Amino acid sequence: MEFLNRIDQYREEMICSLQELIAIPSVEGPAKDGAPFGVAVKQAYDYMMAKAKAEGFDTFDADGYGGHIEFGGWIFDEEGDPIGRNDEAMGILVHLDVVPPGEGWTHEPFGGEIEDGCLYGRGSKDDKGPAIMAFYAMKALKDSGFQPEKRVRLVLGLDEETGWEGMHYYLKKTAAPTFSVSPDAEFPLIHGEMGLLIFQLARKFRKYTGKGMILRSITGGNAPNMVADWAKALVRADSYDLLRALADTYRRETGRRINLKGRGKSMEILAQGVSAHGSTPEKGVNAISVLMDFLGRLDFVNHDQMDFIKFYNDKIGFELDGQSLGCGLSDSLSRPLILNVGQIQMDEEAALLTINIRYPLTCTEDQVFDGMEAVRNAYDLGLVKVEHKAPLYVPKDDPLVETLMDVYRRHSGDTESQPLIIGGGTYARAVPNAVAFGPAFPGDPETEHQAEECVPLESLFKAARIYAEAIYLLTKGPDEEEFC
């Protein structure tokens with residue numbers, strides 16, 4: 001097929017475009033006029049929209065909250081002149097925002113460097129790489145002269161890593177695609193996504209006076225859906241000899257990373273962890289849990305702070321399934337509940353813990369919160385609900401799933417892998433008739449939300465070919481045998 005050959009011809013152009021897009025540090029920032037998610041996110045959005053217009057695609061902008069790039073769907077008369085447009089559309093849902101880079105990089109997080117066949121940078125895999133793959137898949141089809149019977153629509157989301165406000169706004173301004181794929185997960189295909197919750201547990205502290213060690217503050221974590229790779233506490237004491245000795249013992253006994261550094265008359269305790277995606281916290285080391293475990297060995301003046309630290313260590317600690325917190329749910333379809341503590345803010349007056357949970361397909365939001373109620377009451381913890389996304393499930397025998405699986409198997413040679421259910425959340429659950437499809441192949445490094453995020457270039461090109469043929473098969477007319 002000619003459009004597949006064109007993708008091979010676009011290789012260098014695809015790499016260059018992805019490097020240019022990665023160079024824009026599109027972490028959500030303060031809203032400004034025309035840039036509801038910050039200037040950098042708007043720059044990434046403007047880059048893609050300008051690229052689309054230069055290639056002759058149609059575009060739609062929902063007031064800077066998101067938009068789409070589109071072609072096809074035209075209805076022609078007998079002379080071949082367009083007389084209307086098909087309402088049916090295939091959506092390809094991507095996002096241009098990224099999580100903060102975090103610590104631990106040896107490559108520039110926004111450098112787009114290439115080494116040993118991999119392109120490095122925040123967003124290379126999640127989700128700027130897939131956005132570029134899908135764009136060039138559409139370009140290859142369009143440049144080959146393909147005229148899809150259904151519209152092909154590349155939807156550009158701008159706050160997928162945070163609140164999805166942009167996607168909700170976009171869908172109020174235009175109709176949702178008839179069916180969609182979201183290239184923001186892994187191959188062969190994701191036909192189920194666990195329910196997703198972000199919430200906060202809060203505790204106010206009474207004032208305590210007296211002599212002894214004072215816990216001034218705790219901060220840690222970059223985002224709710226990232227395993228925290230750093231956390232730090234600031235303490236004040238008359239002498240720090242005991243603190244240094246306890247830190248030495250802790251490092252020796254646990255092998256975990258705790259460092260001390262003087263800050264004026266105070267001492268900073270820094271815990272270092274290993275970042276990972278919030279849906280797979282077992283692949284990282286949570287620095288917040290490391291810090292709280294160490295602080296639990298100290299004696300602070302404020303008893304309420306000590307009680308909160310005890311709550312954390314007894315009911316969360318390094319546990320990832322919520323059992324001790326009271327919400328350890330499970331079912332036969334998906335994996336047990338997944339819990340990740342993403343961020344913490346604490347001072348002498350209050351504590352705020354931000355938690356990201358993925359719950360099983362057959363369970364509910366109420367079951368999660370009801371399960372935690374006894375623990376919350378015992379430790380006087382307030383609950384702030386931040387975000388909820390219900391589970392997604394599409395049966396394996398759905399025609400969309402079957403078509404996509406056939407394309408994947410033909411291009412990959414992998415006839416064994418089956419559709420998956422994951423803890424991650426994608427835009428697939430924002431629209432009807434949608435699944436997540438790629439871009440990661442079995443065996444690719446899992447670097448999303450981690451330092452050294454990267455995409456193997458050969459996987460990039462192979463995925464673009466898969467997306468191009470999937471678009472072709474799902475949008476061609478019924479009388480079209482084969483497009484060459």
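Tyr 120 has Cys 454 in strand 24 as its bridge partner. This is a predicted model, and that pair is a handy place to start reading it. Strand 7, residues 118-120, runs antiparallel to strand 24, and three bridges join the two. From there we can look at the sheet around them, and then at a pair of packed helices.

**The sheet and the helix across it**

- Strand 7 and strand 24 belong to an open sheet of three strands, with the order 6-7-24 and antiparallel pairing.
- Strand 6 (114-115) and strand 24 (454-456) are the edge strands, each pairing on one side only.
- Helix 2, made of residues 11-22, lies across strand 6, strand 7 and strand 24.
- Relative to strand 7, helix 2 runs at about 20°.

**Helix 10 against helix 11**

- Helix 10 (residues 399-412) packs with helix 11 (residues 457-475) at an angle of about 140°, and their axes are 10 Å apart.
- That angle is why helix 10 counts as oblique to helix 11, as roughly antiparallel would take an angle over 145 degrees.
- The crossing of helix 10 past helix 11 is right-handed.

**Who meets whom between the two helices**

- From helix 10, the residues in the contact are Leu 400, Thr 403, Leu 404, Val 407, Tyr 408, Arg 410 and His 411.
- From helix 11, they meet Lys 462, Arg 465, Ile 466, Glu 469, Ala 470, Leu 473 and Leu 474.
- Sorted by character, the residues of this contact between helix 10 and helix 11 comprise eight nonpolar, two polar and four charged.

Note on methods
Residues numbered from 1 in each chain as written. Predicted model: local features only at pLDDT ≥ 70, side-chain atom pairs only at ≥ 80, totals over all residues. Heavy atoms only, no water. Pairing = 2+ DSSP bridges. Helix = DSSP H or I, 4+ residues; strand = E, 2+ residues; numbered from the N terminus. Contact = heavy atoms within 4.5 Å. Axes fitted to C-alpha atoms, helices over the stretch in contact; angles between N-to-C directions. Parallel < 35°, antiparallel > 145°, perpendicular 65-115°, else oblique. Left-handed = near helix turned anticlockwise from the far one by under 90°. Nonpolar A, V, L, I, M, F, W, Y, C, P; charged D, E, K, R; others polar.
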